[in-house]
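The exercises below concern one protein chain. Each task is followed by a solution in steps.

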Amino acid sequence: MKSISYDDFLKVELRIGQIIRAEVFEKARKPAYKLWIDFGEELGVKRSSAQITQLYHIDELVGKRVVAVTNFPPKQIADFMSEVLVLGVDSKVGGVTLLGIDHEAPLGTRVY
């Protein structure tokens with residue numbers, strides 16, 4: 001893997017958000033949820049599509065804090081415009097586990 005500079009890393013806006021709404025994304029090709037994520041006063045609420053249905057039930061997502069890339073261009077997924085990329089990793093048991101934080105931080109806080 002090619003190394004990047006710290007300046008390259010700073011170009012990626014990683015921020016803390018809180019899921020405020022979640023719906024099953026019925027038109028997605030692979031099982032997914034539609035998420036509405038609050039990033040605080042500066043960025044407001046952004047939408048994302050996330051293929052996290054194996055490990056997360058829709059009822060447990062509201063209120064969950066997540067880490068997302070907030071400065072990618074929006075991406076059309078079926079009939080839904082995804083504005084941010086929620087970050088996760090493959091889990092040992094299958095499916096994607098979301099990246100989060102251990103202690104509260106203000107919504108919209110930048111990850112560094």
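The exercises start with conventions and overall layout and then turn to the sheet, the salt bridges and the surface.

**Conventions**

The model is predicted, so local features need pLDDT of at least 70 and side-chain atom pairs count only at pLDDT 80 or more, while totals for chains, interfaces and linings use all residues. Residues are numbered from 1 along each chain as its sequence is written, and side-chain values use heavy atoms, with hydrogens and water left out.

**Exercise 1. Determine how many helices and strands the protein chain has, and state their order.**

Step 1. Helices (H or I, at least four residues) and strands (E, at least two) are taken as DSSP runs and numbered from the N terminus.

Step 2. On this basis the protein chain has 2 helices and 9 strands. Their order along the sequence is α-β-β-α-β-β-β-β-β-β-β.

Step 3. The radius of gyration of the protein chain is 14 Å, close to the 13 Å that the globule rule gives for 112 residues, so the chain is as compact as a globular protein of that length. The radius is taken over C-alpha atoms, and the rule is 2.2 Å times the number of residues to the power 0.38.

Step 4. The C-alpha trace spans about 40 × 35 × 30 Å along its principal axes.

Step 5. UniProt, in an unreviewed entry, places the feature "domain: TRNA-binding" at residues 8-112. UniProt positions follow the numbering used here, feature names are shortened, and annotations may be inferred rather than shown by experiment. The end C-alpha atoms of residues 8-112 lie 12 Å apart, and the span is 7% helix and 40% strand.

**Exercise 2. Describe the open sheet and the place of strand 4 in it.**

Step 1. Two strands are said to pair if DSSP finds at least two bridges between them.

Step 2. An open sheet is formed by 5 strands in the order 3-2-1-4-7, with antiparallel pairing. Strand 3 (45-50) and strand 7 stand at the edges, each with a single partner strand, so one side of each is left without a neighbour in the sheet.

Step 3. Strand 4 pairs with strand 1 (residues 14-24) over 5 bridges, and Leu 14 stands opposite Val 69. Strand 4 also pairs with strand 7 (residues 85-86) over 2 bridges; here Val 86 is the bridge partner of Ala 68, and Leu 85 stands opposite Val 69.

Step 4. Buried means under 20% relative accessible area, exposed over 50%, and partly exposed in between (1.4 Å probe, protein chains only). In strand 4 (residues 65-69), 5 of the 5 residues are buried, so the strand is largely enclosed by the rest of the structure. Arg 65, Val 67 and Val 69 are buried on one side, and Val 66 and Ala 68 on the other. In the protein chain, buried residues make up 34% of the 112 residues.

**Exercise 3. Examine the salt bridges of the structure.**

Step 1. Side chains of opposite charge can pair when their charged atoms come close. A salt bridge is counted when a side-chain nitrogen of Lys or Arg is within 4 Å of a carboxyl oxygen of Asp or Glu. The whole structure holds 7 salt bridges.

Step 2. One of them joins Arg 110 and Glu 13, with the closest N and O atoms 3.3 Å apart. This pair links distant parts of the chain, 97 residues apart: Arg 110 is in the segment after strand 9 (96-98), and Glu 13 is in the loop between helix 1 and strand 1. Glu 13, Arg 15 and Arg 110 are linked in a network of salt bridges.

Step 3. Asp 79 and Lys 27 form a salt bridge at 3.3 Å, N to O. Asp 79 lies in the loop between strand 5 (75-77) and strand 6 (80-82), and Lys 27 in the loop between strand 1 and strand 2 (33-38), 52 residues apart. Asp 79 is partly exposed at 45%, whereas Lys 27 is exposed at 59% relative accessibility.

Step 4. Glu 23 and Arg 21 form a salt bridge with the closest N and O atoms 2.5 Å apart.

**Exercise 4. State which residue in the loop between strand 5 and strand 6 has a positive phi.**

Step 1. Most residues other than glycine have a negative phi.

Step 2. Ala 78 has a positive phi, near 55 degrees. Ala 78 lies in the loop between strand 5 and strand 6 and is partly exposed at 47% relative accessibility.
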